[in-house]
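Let's take a walk through a protein structure together. Keep the 3D view open as you read, and turn it whenever a new part comes up.

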Amino acid sequence: LILTSMTEMSFNMAGFVATITNTFLECIQNVVCKTLCGRWTAPQVQFYTSVVASTMQIPMLLWASDSSLLTSTGLQSPIWWVILGDGFMYHLQWLSNFMVMDLVSPLTLSVSNTFKRGLIIMFSIFYFQNHVSASNYCGMGLMFLGVGLYTWSKQRDGDSPAASKAADTRDT
């Protein structure tokens with residue numbers, strides 16, 4: 001990801017470190033959620049993670065934003081609608097994530113999330129017509145190579161969904 005995004009005009013090392021940390025934490029979260037889904041339902045896991053996230057984010061929101069925006073106009077304030085919309089979209093994202101998690105391993109989900117992030121960076125480079133350097137192309141190539149090698153190794157080992165489905169039909 002760093003090779004793909006480092007020459008962006010708005011590249012910021014603090015933002016990049018936050019993105020890499022987020023990617024790492026999502027990988028851990030995928031593994032933990034896969035384990036928890038065996039004991040809890042997806043809405044229960046979603047509820048408890050949302051409570052923890054809200055507990056951590058609300059104090060920062062109150063500290064970082066203008067408190068008059070939050071208190072003076074009540075629910076008429078645009079920031080509350082943005083927060084509600086963001087929470088709803090986050091909920092939909094995680095529900096779809098849980099559905100996908102039932103079908104694939106946490107590693108496959110993490111690889112697909114990393115691939116998604118790389119594609120977003122790549123498309124933003126081309127959409128905003130930013131200068132693309134050799135390191136950008138190298139990063140994009142490494143991303144495609146990594147996903148390709150992961151897919152190849154899964155297919156070679158017979159872990160692809162098509163191979164699993166074929167094995168299931170042979171067993172019946």
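What follows goes from the overall fold to the helices, then to the empty spaces and a few spots on the surface.

Before anything else, keep in mind that this is a predicted model. The protein chain has 172 residues, and 23% of them are buried. What is its secondary structure made of? You'll find eight helices and zero strands. Reading from the N terminus, the elements simply go α-α-α-α-α-α-α-α.

Let's start with helix α5, which covers residues 78-101. Its 24 residues, at 1.5 Å a residue, should span 34 Å, and the end C-alpha atoms are indeed 34 Å apart, so the two values agree. Now look at which of its residues are tucked away: W94, N97, F98 and M101 are buried in α5. As a bit of background, an α-helix has 3.6 residues a turn, so residues three or four places apart point the same way.

Helix α7, residues 134-156, can be checked in the same manner. With 23 residues at 1.5 Å each, α7 should span 33 Å; its end C-alpha atoms are 32 Å apart, which agrees. The buried residues in α7 are N136, G139, M140, M143 and Y150. Just after α7 comes G158, which takes a positive phi of about 80°.

Stay around there for a moment, as R156 and D157 make a salt bridge. Their side chains meet at 3.5 Å, N to O. In general, side chains of opposite charge can pair when their charged atoms come close. How many salt bridges does the structure hold? Just one. R156 has 54% relative accessibility, so it counts as exposed. D157 comes in at 49%, and because exposed means over 50%, D157 is classed as partly exposed.

Next up are the empty spaces. Rolling a probe the size of a water molecule over the atoms shows where empty space is left. The largest pocket has a volume of about 910 Å³. Its lining is made of 24 residues, and S50, A53, S54, Q57 and Y90 are the ones that lie nearest its centre. Which elements supply at least two residues each to this lining? They are α2, α3 (42-64) and α5. Helix α3 gives the most, with 11 residues.

While you're at α3, find T49, which lies in this helix. T49 has a relative accessible area of 26%, so it is partly exposed. T49 and C33 are 16 residues apart in sequence, and their C-alpha atoms are 9.9 Å apart in space.

There is a closed space to find too. A search of the whole structure turns up one cavity of 30 Å³ or more. About 40 Å³ of space lies in this largest cavity. It is lined by T23, E26, C27, N30, S110, N113, T114 and R117. The elements that give two or more residues to that lining are α2 and α6 (106-127).

Finally, come back out to the surface. F24, L25, I28 and V32 make a nonpolar surface patch of about 370 Å². One of these residues, I28, sits in helix α2, residues 13-36. I28 has 41% relative accessibility, so it counts as partly exposed. Helix α2 is thus a good place to end the tour, as it also helps line both the largest pocket and the largest cavity.

Methods
Residues are numbered from 1 along each chain as its sequence is written. This is a predicted model: local features need pLDDT of at least 70, side-chain atom pairs count only at pLDDT 80 or more; totals for chains, interfaces and linings use all residues. Side-chain values use heavy atoms; hydrogens and water are left out. Helices (H or I, at least four residues) and strands (E, at least two) are DSSP runs, numbered from the N terminus. The expected span of a helix is 1.5 Å times one less than its number of residues. Buried means under 20% relative accessible area, exposed over 50%, partly exposed in between (1.4 Å probe, protein chains only). Patches are made of residues with over 30% relative accessible area and no salt bridge: like charges are joined within 9 Å, nonpolar side chains (Val, Leu, Ile, Met, Phe, Trp, Tyr) within 5 Å. Accessible areas come from the Shrake-Rupley method with a 1.4 Å probe; for residues, only the protein chains shown count as cover. A salt bridge is a side-chain nitrogen of Lys or Arg within 4 Å of a carboxyl oxygen of Asp or Glu. On a 1 Å grid over the protein atoms alone, a cavity is a set of points where a 1.4 Å probe fits but cannot get out, and a pocket is an open set with protein on both sides within 12 Å along at least five of seven lines; lining residues have an atom within 4 Å of a point. Grid points are joined across faces, edges and corners, and a volume is the space filled by probe spheres set on the points.
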